[in-house]
Amino acid sequence: MTHRPEFPLPAVLAHRCGGRLAPENTLAGLAATAETGCGGVEFDVMLSGSGSPVLIHDETLERTTDGRGPVAHTSDDVLFALDAGTWFDARFAGEPVPCLDLAAARCQALGLAVNLEIKPSHGTDTETAERVVRRARTLWAAEPGAVLLSSFSERGLEVAASVAPALRRGLLVGAVPADWLARCRRLRAAALHVDHRHLDADRIAAVREAGLWVVTYTVNDPERAARLFEWGVDCVITDRPDVVRPPVP
């Protein structure tokens with residue numbers, strides 16, 4: 001078996017900052033996650049129309065803000081004035097779309113580790129990865145082990161490896177492709193991030209045998225999470241950090 005270092009992040013991460021506890025990809029989600037005792041979060045980072053790394057999942061604004069149109073065509077002054085909380089619950093009215101700098105500072109203040117997903121708008125894989133990863137390299141310079149980069153964009157991961165080789169990376173997939181190992185080796189990825197519905201004990205064992213970490217998403221049933229941990233996954237990403245817990249040592 002290829003040597004596998006210890007997984008550097010907590011075994012449970014809150015999906016999109018706070019899962020179902022707060023509006024996704026917001027500072028409110030980070031606070032909600034910390035209150036549960038969960039030690040880390042996953043969030044998405046895209047470029048605004050001003051070229052700033054910001055936390056948002058969709059390429060358009062309509063689902064999670066009161067704005068309209070593509071994120072990539074929205075300037076910072078407009079984007080940061082939007083309401084990204086009311087859609088979730090009136091209690092979060094006025095919650096803004098945060099920039100990466102603010103999110104990183106809040107995570108560090110709360111003691112939260114981060115799985116940062118590089119989320120390019122269509123056709124911006126290289127530019128997004130360059131800007132996001134350069135900023136992440138600076139923001140986590142004192143503790144590079146507290147952040148794990150991931151992406152579905154293989155070009156984005158190639159850029160990340162060049163820009164910040166000290167920041168570890170994971171390849172995001174849905175189902176596991178037949179050439180998963182070749183892809184991970186080419187990208188120098190340390191982890192394979194897989195939709196939990198496509199994992200079983202044998203697949204997890206094969207990934208571990210190759211020396212890679214296994215991260216899985218989005219697991220909201222505590223019994224399913226427990227089974228996945230029994231099979232050997234290193235990390236579960238969940239919308240329910242209040243009920244999905246890491247295995248007891």
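These legends describe close-up views of a predicted model.

**View 1. The largest nonpolar core of the model**.
This core holds 31 residues, and Phe43, Leu100, Leu116 and Trp140 have the most contacts inside it. Two or more residues each are supplied by α1 (27-36), β2 (40-47), α3 (100-110), β4 (113-118), α4 (125-139), β5 (147-151) and α5 (154-163). The largest share is that of α4, with five residues. In soluble globular proteins, nonpolar side chains tend to be buried together.

**View 2. The surroundings of Trp140**.
Trp140 is among the residues with the most contacts inside the largest nonpolar core. With neighbours within four places in sequence left aside, its contacts are Phe43, Leu100, Ala104, Gln108, Val114, Leu116, Ala146 and Val147. Of these, Phe43, Leu100 and Leu116 are also named among the residues with the most contacts inside the core.

**View 3. A second nonpolar core**.
This core is separate from the largest one and has 25 residues. Leu187, Val194, Leu212 and Phe229 are among them.

**View 4. Packing of α5 against α6**.
Helix α6 covers residues 180-187, and its axis lies 9 Å from that of α5, at an angle of about 35°. On the α5 side, the contact is made by Glu154, Leu157, Glu158 and Ala161. On the α6 side, Arg183, Arg186 and Leu187 take part. By class, the contact comprises three nonpolar and four charged residues, with no polar ones. Leu187 of this contact also belongs to the second core.

**View 5. The cavity**.
One cavity of 30 Å³ or more is found in a search of the whole structure. The volume of the largest cavity is about 60 Å³. Its lining consists of Glu24, Asn25, Thr26, Leu55, Ile56, His57, Thr64, Thr65, Ala84, Trp87 and Val97. Five of the lining residues are nonpolar, five are polar and one is charged. The charged residue is Glu24.

**View 6. The largest pocket**.
The volume of this pocket is about 160 Å³. Its lining has 15 residues, of which His15, Glu42, Glu117, Leu172 and Tyr217 are the closest to the pocket centre. Strands β2 and β4 are the elements that give two or more residues to the lining. The lining divides into four nonpolar, six polar and five charged residues. Both β2 and β4 also give two or more residues to the largest nonpolar core.

How values were computed:
Residues numbered from 1 in each chain as written. Predicted model: local features only at pLDDT ≥ 70, side-chain atom pairs only at ≥ 80, totals over all residues. Heavy atoms only, no water. Core = buried A, V, L, I, M, F, W, Y, C linked by side-chain atoms within 4.5 Å. Buried < 20%, exposed > 50% of the residue type's maximum accessible area, 1.4 Å probe, protein only. Helix = DSSP H or I, 4+ residues; strand = E, 2+ residues; numbered from the N terminus. Contact = heavy atoms within 4.5 Å. Axes fitted to C-alpha atoms, helices over the stretch in contact; angles between N-to-C directions. 1 Å grid on protein atoms, 1.4 Å probe; cavity = no way out; pocket = protein on both sides within 12 Å on 5 of 7 lines; lining within 4 Å. Points joined across faces, edges and corners; volume = space filled by probe spheres on them.
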